[in-house]
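Reader: Could you take me through one part of this model in close detail? I would like to see how it fits into the whole.

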Amino acid sequence: MLAAVDHVQLAAPAGSEDALRAYYVDVLGMTEIPKPPALAARGGCWFRSGPVQLHLGIEPDFRPARKAHPGLRVTGITAYATRLSSRGASVTWDDNLPGHRRFYSDDPVGNRLEFLEPVT
């Protein structure tokens with residue numbers, strides 16, 4: 001039986017780690033977590049915020065995920081969207097999911113991320 005999602009992995013091009021760190025740490029407010037040495041040799045980086053982990057792995061024939069995306073639940077979505085846009089990240093609001101406020105943003109390599117908060 002499935003108990004939880006441990007992490008979501010997204011792909012990134014070689015040499016993009018510094019740009020990924022700037023976005024996932026400085027913009028999203030996540031913390032970089034060390035990769036095990038055998039995996040660190042492959043490049044990429046891992047990030048965490050509370051129980052949420054995003055892993056960015058290097059893919060030689062990289063193409064950003066434009067439709068596929070992680071849906072990341074946030075609290076205080078308006079303030080979070082303001083944080084992202086004030087740090088230069090794209091914020092595109094979408095009101096097509098009943099019972100939620102949500103927006104999309106792209107990471108620096110073009111991967112799509114969805115941020116959502118249930119409406120109470």
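Reader: To start with the charges, how many positive and negative side chains does the protein have, and how far apart do the centres of the two sets lie? After that, please take a close look at helix 1.

Author: Happy to! Please keep in mind that this is a predicted model. The protein carries 13 positive and 13 negative side chains, and the centres of these two sets lie 3 Å apart.

Now for the setting of the helix. There are three helices and eight strands in the protein, and from the N terminus on they follow the order β-α-β-α-β-β-β-α-β-β-β. The radius of gyration is 15 Å, close to the 14 Å that the globule rule gives for 120 residues, so the protein is as compact as a globular protein of that length. Of those 120 residues, 38% count as buried.

Helix 1 spans residues 17-27, and its buried residues are E17, L20, Y23, Y24 and V27. They cover an arc of only 160° around the axis, which puts them on the same side of helix 1. The spacing has a simple background: an α-helix has 3.6 residues a turn, so residues three or four places apart point the same way.

What do the buried residues of helix 1 pack against? Their partners are strand 1 (8-12), strand 3 (45-49), strand 4 (52-58), helix 3 (77-86), strand 7 (100-106) and strand 8 (112-118). For the protein overall, among contacts between residues at least 6 apart in sequence, 54% join residues at least 24 apart.

Finally, look just past the helix: G29 follows helix 1, and its phi is positive, near 85°.

Note on methods. Residues are numbered from 1 along each chain as its sequence is written. This is a predicted model: local features need pLDDT of at least 70, side-chain atom pairs count only at pLDDT 80 or more; totals for chains, interfaces and linings use all residues. Side-chain values use heavy atoms; hydrogens and water are left out. Buried means under 20% relative accessible area, exposed over 50%, partly exposed in between (1.4 Å probe, protein chains only). Helices (H or I, at least four residues) and strands (E, at least two) are DSSP runs, numbered from the N terminus. The arc is that of the directions from the helix axis to the C-beta atoms. Contact means heavy atoms within 4.5 Å. The radius of gyration is taken over C-alpha atoms; the globule rule is 2.2 Å times the number of residues to the power 0.38. Lys and Arg count as positive and Asp and Glu as negative; His and the chain ends are not counted. The place of a charge is taken as NZ of Lys, CZ of Arg, CG of Asp or CD of Glu.
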